[in-house]
Structure formats: C-alpha cells, structure tokens
Amino acid sequence: MNPISVGFANDQARERGVDDLVRFHYRNMLDTGFEAGSMRGVWTNETDMYVDLPDLFAEVARLLVPGGRYVCVTGCSNDVTGGRSAAVSWIDAHYGCMIHPRGEYFRAMTAHGLVPIAVTDLTSATIPYWELRTHCELATGVEEPFLTSYREGSFQYLVIAADKVGR
C-alpha cells in the first residue's frame with residue numbers, strides 16, 4: 001500500500017463510519033514502529049516475496065497479542081514437487097523478488113510462535129485470471145510463466161492463517 005492508497009483507504013473508512021474501528025498506515029513491514037502486542041490481527045497480501053520470511057514473521061509475532069491472527073496471501077514455490085522451476089525463476093526475475101518455497105513459510109512461522117491453522121490453495125482459481133490477462137493490452141509477458149507454473153504444480157497461490165501462541 002502506498003501513501004496515496006493509505007489516504008484513500010482512511011477516507012473510505014471515514015465515509016463508511018468505521019474510522020473508529022480501523023486505520024490504515026504506510027510503514028516498513030519489517031520495522032513498523034507499532035507497539036509490541038498492539039494488534040489482534042495482521043494481514044499481508046503479495047508482499048512477503050520482497051523480504052526474508054524470518055524477519056517478517058518476527059515483526060508480525062512482535063505485533064500480535066497472544067491468540068492474535070496473521071493472514072498471509074502469497075504465491076510460493078512448491079518445494080514438495082522438487083526444486084525451483086524455470087517458470088518460477090522467470091516470475092522472480094520479472095518482479096525482482098524472491099519467491100519463497102512453501103515449506104519455508106511454515107518453518108519461519110512456527111519458529112516465531114505463529115501456528116498455521118488453515119491453508120487455502122487458490123491456485124486453480126487464479127488460472128482464469130492469468131488466461132484472461134494473456135489477451136489484455138496490459139499483458140507484460142509474465143502471464144505464460146504463471147500459467148505454466150500453476151499448471152505444472154511448481155507454484156501455488158495460498159492463503160495461510162496462523163495464530164500467535166505464547167507471549
């Protein structure tokens with residue numbers, strides 16, 4: 001979320017009368033500056049591939065109260081099927097990111113007291129979007145690597161919910 005999006009989101013909360021319940025901020029996700037234990041919920045959406053997961057989950061765990069919930073929406077490589085595929089490497093290079101293996105999410109979460117309670121695989125639901133994008137004037141060339149990796153099973157689009165345990 002950029003500063004303009006944050007302003008828009010806060011304006012929308014105000015217009016809907018929920019600005020006393022929710023606020024949006026523009027912060028560094030590895031060092032938010034928020035007080036420890038100040039959040040009941042934290043959400044990241046397609047951002048974790050730009051940071052090291054242990055650093056991210058350390059900050060998430062620091063922010064959450066015990067019993068707090070973290071939800072991560074992400075694309076990850078499927079390390080169950082073997083090494084990184086050429087298509088996943090192409091996506092990495094295109095976005096200048098570092099797509100993490102699925103197993104790394106679970107290892108890094110549990111190392112920071114975040115216990116996965118639900119994993120929803122949305123991979124097959126994303127395929128129509130990428131198929132449609134191949135016909136779009138805004139296509140960038142990354143569409144085929146996404147389709148290839150999703151179809152061969154080397155890349156997954158997941159929603160992971162985890163609860164903070166301990167202090």
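Buried means under 20% relative accessible area, exposed means over 50%, and partly exposed lies in between. The exercises below use a predicted model.

**Exercise 1. Classify Arg 69 by its accessibility, then describe its salt bridge with Asp 163.**

Step 1. Take the relative accessible area of Arg 69, which is 37%. Arg 69 is therefore partly exposed.

Step 2. Apply the distance cut-off. A salt bridge needs a side-chain nitrogen of Lys or Arg within 4 Å of a carboxyl oxygen of Asp or Glu. The closest N and O atoms of Arg 69 and Asp 163 are 2.5 Å apart, and the two residues form a salt bridge.

Step 3. Place the partners. Asp 163 is in strand β4 and Arg 69 is in strand β2, residues 64-77. They are 94 residues apart, so the pair links distant parts of the chain.

**Exercise 2. Lay out the secondary structure and overall dimensions of the protein.**

Step 1. Count the elements. There are six helices and four strands.

Step 2. Read their order. From the N terminus on, it is α-β-α-β-α-α-β-α-α-β.

Step 3. Take the dimensions. The C-alpha trace spans about 45 × 40 × 25 Å along its principal axes.

Step 4. Add the burial. Of the 167 residues, 40% are buried.

**Exercise 3. Describe the salt bridges within helices α1 and α2.**

Step 1. Start from the total. The model has six salt bridges.

Step 2. Take Arg 14 and Asp 11. Their closest N and O atoms are 2.3 Å apart, in a salt bridge. Both residues belong to helix α1, residues 3-15. Because they are three residues apart there, about one helical turn separates them.

Step 3. Check the accessibility of this pair. Arg 14 is partly exposed, at 48%. Asp 11 is also partly exposed, at 35%.

Step 4. Take Arg 62 and Glu 59. Their side chains meet in a salt bridge at 2.8 Å, N to O. Both lie in helix α2, three residues apart, about one turn of the helix.

Step 5. Check the accessibility here too. Arg 62 has a relative accessible area of 29%, so it is partly exposed. Glu 59 has 6%, so Glu 59 is buried.

**Exercise 4. Decide how many disulfides the model holds, and account for Cys 76 and Cys 97.**

Step 1. Set the cut-off. Two cysteine sulfur atoms must lie within 2.5 Å. The count is zero disulfides.

Step 2. Check Cys 76. The nearest cysteine sulfur belongs to Cys 72, 8.4 Å away, and Cys 76 is in no disulfide. Cys 76 has 0% relative accessibility, so it counts as buried.

Step 3. Check Cys 97. The nearest cysteine sulfur is that of Cys 76, at 12 Å, and Cys 97 is in no disulfide. At 16% relative accessibility, Cys 97 also counts as buried.

**Exercise 5. Describe the largest pocket and find which element contributes most to its lining.**

Step 1. State the volume. The largest pocket has about 1,000 Å³.

Step 2. Look at the lining. It has 23 residues, and the closest to the pocket centre are Arg 23, His 25, Phe 34, Val 42 and Trp 43.

Step 3. Assign elements. β1 (39-45) and α2 (53-63) each supply at least two lining residues. The largest share comes from β1, with six residues.

**Exercise 6. Examine the backbone of Glu 46.**

Step 1. Recall the background. Most residues other than glycine have a negative phi.

Step 2. Compare. Phi of Glu 46 is near 55°, a positive value in a residue other than glycine.

Step 3. Locate Glu 46. It sits in the loop between β1 and α2. With 40% relative accessibility, Glu 46 counts as partly exposed.

**Exercise 7. Locate Leu 122 and state how far its C-alpha atom is from that of Tyr 157.**

Step 1. Find the segment. Leu 122 is in the loop between β3 (114-121) and α5 (123-133).

Step 2. Classify Leu 122. Its relative accessible area is 29%, so Leu 122 is partly exposed.

Step 3. Give the distance. The C-alpha atoms of Leu 122 and Tyr 157 are separated by 5.3 Å, while the residues are 35 apart along the chain.

**Exercise 8. Describe the nonpolar surface patch that includes Val 165.**

Step 1. Name the members. Val 115, Ile 117 and Val 165 form the patch. Together they have about 230 Å² of accessible area.

Step 2. Place Val 165. It is in the segment after β4 (155-164). At 45% relative accessibility, Val 165 counts as partly exposed.

Conventions:
Residues are numbered from 1 along each chain as its sequence is written. This is a predicted model: local features need pLDDT of at least 70, side-chain atom pairs count only at pLDDT 80 or more; totals for chains, interfaces and linings use all residues. Side-chain values use heavy atoms; hydrogens and water are left out. Patches are made of residues with over 30% relative accessible area and no salt bridge: like charges are joined within 9 Å, nonpolar side chains (Val, Leu, Ile, Met, Phe, Trp, Tyr) within 5 Å. Accessible areas come from the Shrake-Rupley method with a 1.4 Å probe; for residues, only the protein chains shown count as cover. Buried means under 20% relative accessible area, exposed over 50%, partly exposed in between (1.4 Å probe, protein chains only). On a 1 Å grid over the protein atoms alone, a cavity is a set of points where a 1.4 Å probe fits but cannot get out, and a pocket is an open set with protein on both sides within 12 Å along at least five of seven lines; lining residues have an atom within 4 Å of a point. Grid points are joined across faces, edges and corners, and a volume is the space filled by probe spheres set on the points.
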